[in-house]
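The report below reads a structure through selected residues, helix contacts and loop positions. Please keep the sequence and the coordinates at hand while reading.

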Amino acid sequence: MMARATITLKKTGPDDGTRKPVLERQFSLARRLWNHTALRKFSIILVLALAWQIYGMVVHNDLLFPTLSDTFNSFVSSIRSGVLPDRAWTSLRILVIGYVTGILIAGVLTILAISTQIGTDFLEVMTAMFNPLPAIALLPLALLWFGLGTTSIVFVLLHSVVWVVALNTQGGFLSVSQTLRMVGRNYELTGLRYVWLILVPAAFPSILTGLKIAWAFAWRTLIAAELVFGVASGKGGLGWYIFENRNLLDIPAVFAGLLTVIIIGLIVENFFFRLIEKKTVRRWGMQS
């Protein structure tokens with residue numbers, strides 16, 4: 001985007017004849033607004049929303065593609081009735097259980113991998129075997145092993161999280177410079193203190209990337225599992241909400257469920273992970 005900028009000459013310092021001229025570049029209002037990342041992203045969302053509304057009006061068939069306004073009305077109605085928040089909370093609760101447990105397991109595997117050769121070989125073999133395997137493909141086995149309940153979905157979520165986080169964490173640990181490693185040895189750091197104080201901060205950009213990818217994998221795996229599996233412990237989540245309304249041919253409600261999935265994804269990515277990134281890697285100067 002091209003924008004006009006003006007250059008003004010200012011003087012700095014005390015007014016005693018020693019003030020030095022300094023060039024200051026002032027951008028136009030349009031350029032200053034365009035430099036805001038949040039505003040640019042919001043503009044993209046507005047364009048996509050407008051395209052959705054126009055395409056829905058052109059199709060003019062709610063059974064095929066409802067308009068954004070019809071979807072939004074169904075979205076608001078489901079929130080007021082309490083159905084959509086309840087379904088969203090059910091999905092998020094299961095997701096957090098699987099996600100946090102997967103991170104802990106990945107952490108243990110990675111620590112073993114950097115501590116022993118057998119741990120490294122075990123992690124490499126397991127990731128080579130299971131990382132390419134789609135998590136949803138394990139759902140039939142999970143149902144046989146754990147029955148109809150939350151445990152089956154959590155098991156599938158673990159598969160989505162563990163290998164991605166472990167791979168990125170191990171890669172980050174291996175990329176830590178020898179200088180930092182020697183600093184840890186000079187301070188006689190060993191075991192978990194060495195990992196926590198030296199390896200984790202140095203490798204945190206890679207770890208954070210793994211956490212983001214694992215979140216995305218876990219979120220979409222959960223929705224897909226609920227679409228196939230249905231109700232967990234007598235209570236359905238967002239996936240079941242979408243499936244249920246599809247059977248009722250309430251397509252605006254189906255799109256409202258999909259919109260909820262998208263909104264939660266945007267919130268987690270642009271607020272939760274962005275906050276972690278701002279407080280860690282950007283503050284430490286690891287990212288611009």
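## I276 and its distant partner

I276 lies in helix α11, in what is a predicted model. With a relative accessible area of 24%, I276 is partly exposed, because that value falls between the 20% under which a residue counts as buried and the 50% over which a residue counts as exposed. Once the neighbours within four places in sequence are left aside, I276 is in contact with F204 and L208. The second of these contacts joins distant parts of the chain, since I276 and L208 are 68 residues apart along the chain, while their C-alpha atoms are separated by 8.5 Å.

## Helix α4 against helix α11

Helix α11, which holds I276, also packs with helix α4, residues 83–115, at an angle of about 50°, the two axes being 12 Å apart. The two helices are therefore oblique to each other, because an angle of about 50° is neither under 35 degrees, as roughly parallel would require, nor within the 65 to 115 degrees that count as roughly perpendicular. The crossing in which α4 passes α11 is right-handed.

On the α4 side, the residues that take part are L84, A88, L92 and Y99, and they meet A256, T260, I264 and F273 in α11. Sorted by character, the residues of this contact comprise seven nonpolar and one polar, with no charged residue.

## Helix α6 against helix α7

A second helix pair is formed by α6, residues 139–146, and α7, residues 150–174, whose axes come within 9 Å and cross at roughly 140°. These two helices are therefore also oblique to each other, because roughly 140° does not exceed the 145 degrees over which a pair counts as roughly antiparallel. Here too the crossing is right-handed, with α6 passing α7.

From α6, the residues L139, A142, L143, W145 and F146 meet T151, S152, F155 and V156 of α7. The residues of this contact divide into seven nonpolar and two polar, and none is charged.

## S152 within the contact

Which residues does S152 touch, not counting those up to four places away in sequence? S152, which lies in helix α7, touches A142, L143, F146 and G147 under that condition; of these, A142, L143 and F146 are among the α6 residues that take part in the contact with α7. S152 is buried, with a relative accessible area of 0%, a value under the 20% cut-off for that class.

## V228 and P140

V228 has its place in helix α9, which covers residues 191–229. At 62% relative accessibility, V228 counts as exposed, because the value is over 50%. In sequence V228 and P140 are 88 residues apart, whereas in space the C-alpha to C-alpha distance between them is 9.7 Å.

## Two loop residues with positive phi

Two residues in loops deserve a separate note on their backbone angles. H60, a residue other than glycine, has a positive phi near 55°, and this residue is found in the loop between α2, residues 37–59, and α3, residues 68–81. At 71% relative accessibility, H60 counts as exposed.

L249 likewise is not a glycine and yet has a positive phi, of about 60°. The loop in which L249 lies runs between α10, residues 238–247, and α11, residues 251–279. With a relative accessible area of 57%, L249 is exposed.

## Aromatic groups

The structure holds 12 aromatic pairs. One aromatic cluster is formed by W52, Y55, F65 and F255. The positions given for the helices place W52 and Y55 within the range of α2, residues 37–59, and F255 within that of α11, residues 251–279.

## The chain as a whole

How many helices and strands does the protein chain have? The protein chain has 11 helices and two strands, and from the N terminus on its elements run β-β-α-α-α-α-α-α-α-α-α-α-α. Of the 288 residues in the protein chain, buried residues make up 36%.

Among the contacts in the protein chain with a separation of 6 or more, residues 24 or more positions apart account for 63%. The contact between I276 and L208, with their positions 68 residues apart along the chain, belongs to that long-range share, for which the threshold is 24 positions.

Conventions. Residues are numbered from 1 along each chain as its sequence is written. This is a predicted model: local features need pLDDT of at least 70, side-chain atom pairs count only at pLDDT 80 or more; totals for chains, interfaces and linings use all residues. Side-chain values use heavy atoms; hydrogens and water are left out. Axes are lines fitted to C-alpha atoms, for helices over the stretch in contact, and angles run from 0 to 180 degrees between N-to-C directions. Helices (H or I, at least four residues) and strands (E, at least two) are DSSP runs, numbered from the N terminus. A crossing is left-handed if the near helix is turned anticlockwise from the far one by less than a right angle, and right-handed if clockwise. Contact means heavy atoms within 4.5 Å. Ala, Val, Leu, Ile, Met, Phe, Trp, Tyr, Cys and Pro count as nonpolar, Asp, Glu, Lys and Arg as charged, and the others, Gly among them, as polar. Rings of Phe, Tyr and Trp (its six-membered ring) pair if their centres lie within 6.5 Å; planes under 30 degrees apart count as stacked, over 60 as edge-to-face and the rest as tilted. Buried means under 20% relative accessible area, exposed over 50%, partly exposed in between (1.4 Å probe, protein chains only).
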